[in-house]
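Biologist: I'm new to this one and would like a close look at a single part. Could you take me through how a pair of helices packs together, and then show me a bit of what surrounds it?

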Amino acid sequence: VKATRQADGRAGRVQALERVVPDALARHPMFQRAVRPSRISRLLFSRYGVGDAYGLHTDDALMGDPALRTDVAFTLFLAAPDAYEGGALAITGPSGTQEVKLAAGDAVVYPAGSIHGVTPVTAGERLACVGWAQSLIRDPIKRELLFDLGCARDGLAGGDPHALLQLDKVQGGLLRLWAEP
């Protein structure tokens, strides 16, 4: 299923990137809100040339030693979308298949158990970093509810301070009920 080249994880530059990317994800409020990561896997840096692709698959439920439960997968795009043709991340869900091709430096987060793959590159070169996270919130529905609640709270910022305080209380209560540190 896999026709791509991966960077050698023992190389110094790759190890440096493996420190930079998780630090950047830890500072990104939207990643934190969507994933609520407990642990992040080792990262894979891939290069797709013409004809390379990654067929449809699901990710392993457990990775590494000690085992990391792969609740969420993420793809960080490292090449500009106009640097290559094809090479979209195709994620299949209940409403069909969505193809994702973002700007360099942008990432997409999706359930690791979803059926997904990378369409064949027809020109240029696709560069990407992929990884997985174990979430503090195992249940994807609960994660989505907390995400929506956080977004709604941000949308109300500047409004009634008592209402914002109540939303903070609800969010904190749900985290206490659902988080598995």
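Modeller: Here is the helix pair, followed by the chain as a whole and a few single residues. Keep in mind that this is a predicted model.

Let's start with the pair. Two packed helices are described by the angle between their axes and the distance between the axes. For helix α3, residues 140-156, and helix α4, residues 161-178, that angle is about 165° and the axes sit 10 Å apart. Anything over 145 degrees counts as roughly antiparallel, so α3 and α4 are roughly antiparallel to each other. As for the handedness, α3 passes α4 in a left-handed crossing.

Which residues do the touching? On the α3 side you'll find Lys142, Leu145, Leu146, Leu149, Gly150, Arg153 and Leu156. Facing them from α4 are Leu164, Leu167, Asp168, Val170, Gln171, Leu174, Leu175 and Trp178. Sort the residues of this contact by type and you get ten nonpolar, two polar and three charged.

Now zoom out. The protein chain has four helices and 15 strands, and its C-alpha atoms fill a box of roughly 55 × 35 × 30 Å along the principal axes. Of its 181 residues, 36% are buried. Among contacts with a separation of 6 or more, 78% link residues 24 or more positions apart. The accessible surface comes to about 10200 Å², with carbon and sulfur atoms supplying 58% of that.

Another helix worth a visit is α1, residues 12-27, where Val14 has its place. Val14 counts as buried because its relative accessibility is 9%, and the cut-off for buried is under 20%. Leaving aside residues up to four places away in sequence, Val14 touches Ala7, Asp8, Gly9 and Phe45. Ser41 is 27 residues from Val14 in sequence, and their C-alpha atoms are 14 Å apart.

Finally, two spots in the backbone. Most residues other than glycine have a negative phi, and most peptide bonds are trans. Arg36, in the loop between α2 (29-35) and β3 (37-40), has a positive phi, near 50°. At 13% relative accessibility, Arg36 counts as buried too. The other spot is the peptide bond joining Asp65 and Pro66, which is cis, with omega about 10°. You can find Pro66 in the loop between β6 (62-63) and β7 (68-69).

Note on methods
Residues numbered from 1 in each chain as written. Predicted model: local features only at pLDDT ≥ 70, side-chain atom pairs only at ≥ 80, totals over all residues. Heavy atoms only, no water. Axes fitted to C-alpha atoms, helices over the stretch in contact; angles between N-to-C directions. Helix = DSSP H or I, 4+ residues; strand = E, 2+ residues; numbered from the N terminus. Parallel < 35°, antiparallel > 145°, perpendicular 65-115°, else oblique. Left-handed = near helix turned anticlockwise from the far one by under 90°. Contact = heavy atoms within 4.5 Å. Nonpolar A, V, L, I, M, F, W, Y, C, P; charged D, E, K, R; others polar. Buried < 20%, exposed > 50% of the residue type's maximum accessible area, 1.4 Å probe, protein only. Areas by Shrake-Rupley, 256 points an atom, 1.4 Å probe, with all protein chains shown as cover.
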